[in-house]
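User: Could you walk me through this protein before I go back to the bench?

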Amino acid sequence: MANRWFTRIFGTRFNRELKRIQPIVDAIHKHEERLTDISESALQAQTAKFRAVLAERTGAVHAEVERLKKAKHDCPDPEERANLNDQLRKAEQEFVAELQRTLDDLLPEAFATVREASRRLLGSEVMVTGHPMKWDMVPYDVQLIGGIVLHQGKIAEMATGEGKTLVATLPLYLNALAGRGTHLVTVNNYLARRDSQWMGHLFQWLGLTVGCIDDTQPGTPERRAAYQCDLTYGTNNEFGFDYLRDNMVGNLDQRVQRGHVYAIIDEVDSILIDEARTPLIISGAVGAESDEKYALFNAQVVQLVRKQTAIANDLIGKAEPLLANKDTNYEGAKLLYKAQLGMPKNKKLLKLLNEQGVKQQVQRVELDRLADRKLPGRDQKMRDIEDDLYFVMDERGRSVHLTDQGVETMSPQDPTLFLVPDISHAVHELEHDTELSPAEKIERRRAVEAEYATKSETLHIIHKLLQAHALYEKDVEYVVQDGQVFIVDEFTGRLMPGRRWSDGLHQAVEAKEGVAVREESQTLATITIQNYFRMYEKLAGMTGTAEGEVRRDHGRGRAAA
C-alpha cells in the first residue's frame, strides 16, 4: 500500500531517472540544431576540438601524475617511495575525477556530433565481414538516453532489435576522446569483427581509430596495435587472456594491453552473472613421465566403476519401493543418498531425484549425516554409510577418494600400495634414531620421500581417472574428434580447441576414451571474468533482460552486476 502511494506521488524509478536525464537530451537537441548547418570538415573537426578542451582542463593534473611516476621510479629510498606512492594515488584519483567532470560537460555536444555524423553518412557504403552494407542508422532520442546511462557506468536494458550496437557508439566516442583506450566487449568473435567494421565506419569518419583484437594473433605487434587504437572491440575471453599473458612476459615492452579505463559489455548478464566465476586459465606442460600410467591404471578403474555402478543400481532398486511408503521413505532416501555418494550422475538416480519430494528427502539425509559426523565416533549412526562403496564422489567439489574396499579391490596382493605414508612422522622417527649414522639417515629419508612421491602420484592418477569416468560425460562436457578430446564450453556449447583441463584430468579423459595421452599441464596464470572486469575505472553494460536478471539473482542471494 505504502509503495503504491509512493509511486503515485514520486513516479516509478524509471520515470524519475528519465526526468533526470531529459534536460541532457534537450541540450543535445540544441547543439544538434547548430551542427546541422556546419560543413563536413567542420563537423569532423569537432573531435580535435573536444580533445583540446580535455587537454586544457586535465593537463596540469596529468602532468603532476607523470612527474610523480618518474619521481617514484627514480627514488632509491623505500620510505620516500611509499610517500610518493600515496601522492601518486591521490593525483591519479584527482585526474580521473576531473576527466569525468569534463566528459560530462562535453556529453551533449559530443552526442550531438555523433548523431549528426550518422545523419551525414546515410546512404554511404561500408564493407562488413566481406559484405557491402549501406549505412541507414541515426540514433533516436531513446537511444540517446541509453547512451547517457552507459556513459554513467550503468546497465542499459534494450531488447534485441532496439539498436544496442548503435547506442554504444555514443558513450564510446565520448570516452575515447581522452585517448586512454575504450573497450567494447562482445560474447563472440563474429560480433566483435562485425561491429568493429560496421561502427568503425562512423568512428573513422569522425577521426578515431578502431581495432579488433579477434582479427589478430595473441602477443603480436598487430594485437598491440589494436589495443593502441582509440576504440578496441573483442570478446571477453580474449581481453582476459591478453591480461594473463601480459603478466607472464619477460619484458614490459612485450605487453599488448595499455590499461583498463572504460568498457561496455554486451550481454552483460551472460558475462558478469552466468560466467562471473568462470576461470580463465593459461596452462603449461610439466613433463610426460606419468602420462603412460594413465593408460596403465585405466583398465583397473573401468572395472571398479562397473562394480560401483552395479552397487548404485542395486541401491536405487531397493530404494524405489521404500519411497512409496510414508513409514519407510526416509530409509529409501538414505539408500539414494548412498547411491549419490557412489555415482552422482547415474541416470536412474537423476530421474528419481526429479520426482516430487524425493530430492528434498535426500538433502535431509545429507544434512543428518553432516550433523552425525560432528558427534563422537561411538555415537555416530551413519559412520558405515560408505562401507559397501569402492569410492566416494563429491560432484560439487569434483573430488573423489577411494574407500578401504576400493583400495583392496585395486590392489588385493598389496593393500598398502595406495596407502600414502605419513612423511612428517617417518622423518621425525629417522631424525631421532640414534642407531643410524648421518649418511644412513639421509639415505633413508630419500627413500621415504621417494615412496611418498610415487604413491601420491599413483593415487592422484587413480582419482583423476575415477573423476573422468564418473563425472565427465562424453558429448556433454567434452567430445572426441580426430583422436583428440575437446572441451565443450558449458555456456555457449562451442568446442574450445587448445584448452585443456589441468592437474591431470585431461589425461584421464584421454585414457578413458582410448586416445593418445598427451603431456600433463599445470596452471601458470588464472583469473575469473568477474575479477578481470573489476579492474576497469568505469564499467557499463547492455542486455535485454537486466531487470529480470536482477530479480532472479536477488532470489538466489547474488548481486546482479
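The chat below goes from the whole chain to its cores and then to single residues.

User: What am I looking at, and how many helices and strands are there in the protein chain?

Analyst: This is a predicted model, and its protein chain holds 22 helices and 14 strands.

User: What is the radius of gyration of the protein chain, against what the globule rule gives?

Analyst: The radius of gyration is 31 Å, whereas the globule rule gives 24 Å for 561 residues, so the chain is more spread out than a compact globule. Taken along the principal axes, the C-alpha atoms fill a box of roughly 95 × 70 × 50 Å.

User: And how much of the chain is made up of buried residues?

Analyst: Buried residues account for 44% of the 561 residues. The accessible surface of the chain is about 29,900 Å², and 51% of that surface belongs to carbon and sulfur atoms.

User: Of the contacts between residues at least 6 apart in sequence, what share joins residues at least 24 apart?

Analyst: That share is 70% in the protein chain.

User: Switching to charge, how many positive and negative side chains are there?

Analyst: There are 73 positive and 86 negative side chains, and the centres of these two sets lie 5 Å apart.

User: Now the inside: which residues touch the most other members of the largest nonpolar core?

Analyst: They are Leu-172, Tyr-173, Phe-203 and Ile-264, in a core of 61 residues. Helix H5, which spans residues 78-120, gives the most to this core, with 13 residues. As background, nonpolar side chains tend to be buried together in soluble globular proteins.

User: Take Ile-264, then; which residues does it touch, not counting those up to four places away in sequence?

Analyst: On that count, Ile-264 touches Leu-150, Ala-168, Pro-171, Leu-172, His-183, Leu-184, Val-185, Ala-540 and Met-542. Apart from the largest core there lies another one, of 53 residues, and its members include Leu-389, Leu-402, Met-410 and Val-515.

User: I also flagged Leu-341; where is it found, and is it buried or exposed?

Analyst: Leu-341 is found in helix H14, residues 329-342, and it counts as buried because its relative accessibility is 9%, under the 20% cut-off. Leaving aside neighbours within four places in sequence, Leu-341 is in contact with Arg-369, Ile-385, Glu-386, Leu-389, Phe-391, Val-392 and Met-393. One of those contacts, Leu-389, is also among the residues of the core of 53.

User: How far is Leu-341 from Gln-507?

Analyst: Their C-alpha atoms are separated by 24 Å, and the two residues are 166 apart along the chain.

User: What about Leu-315, and which residues is it in contact with?

Analyst: Leu-315 is found in helix H13, residues 291-323, and is buried, with a relative accessible area of 7%. Beyond its neighbours within four places in sequence, Leu-315 is in contact with Leu-335, Lys-338 and Ala-339. From C-alpha to C-alpha, Leu-315 and Gly-130 are 60 Å apart, with their places 185 residues apart in sequence.

User: Is Asn-236 buried or exposed, and what does it touch?

Analyst: Asn-236, which lies in helix H11 (residues 236-246), is buried, because its relative accessible area of 4% is under the 20% cut-off. Not counting residues up to four places away in sequence, Asn-236 touches Val-185, Thr-186, Val-187, Ile-271, Glu-275, Ile-529 and Phe-533. Val-185 is also touched by Ile-264.

User: And Asn-531, where does that lie?

Analyst: Asn-531 lies in helix H21, residues 529-533, and counts as partly exposed at 34% relative accessibility. The C-alpha atoms of Asn-531 and Leu-272 are separated by 9.7 Å, although these residues are 259 apart along the chain.

User: On to backbone angles: what phi does Thr-129 have, and what about Asp-475?

Analyst: Thr-129 has a positive phi of about 50° although it is not a glycine, and Asp-475, also not a glycine, has a positive phi of about 70°. Thr-129 is found in the loop between strand S1 (125-128) and strand S2 (131-134), and at 30% relative accessibility it counts as partly exposed. Asp-475 is found in the loop between helix H19 (438-471) and strand S11 (478-481), and it is exposed, with a relative accessible area of 57%.

Note on methods:
Residues are numbered from 1 along each chain as its sequence is written. This is a predicted model: local features need pLDDT of at least 70, side-chain atom pairs count only at pLDDT 80 or more; totals for chains, interfaces and linings use all residues. Side-chain values use heavy atoms; hydrogens and water are left out. A nonpolar core is a set of buried Ala, Val, Leu, Ile, Met, Phe, Trp, Tyr and Cys residues joined through side-chain atoms within 4.5 Å. Buried means under 20% relative accessible area, exposed over 50%, partly exposed in between (1.4 Å probe, protein chains only). Helices (H or I, at least four residues) and strands (E, at least two) are DSSP runs, numbered from the N terminus. Contact means heavy atoms within 4.5 Å. The radius of gyration is taken over C-alpha atoms; the globule rule is 2.2 Å times the number of residues to the power 0.38. Accessible areas come from the Shrake-Rupley method with a 1.4 Å probe; for residues, only the protein chains shown count as cover. Lys and Arg count as positive and Asp and Glu as negative; His and the chain ends are not counted. The place of a charge is taken as NZ of Lys, CZ of Arg, CG of Asp or CD of Glu.
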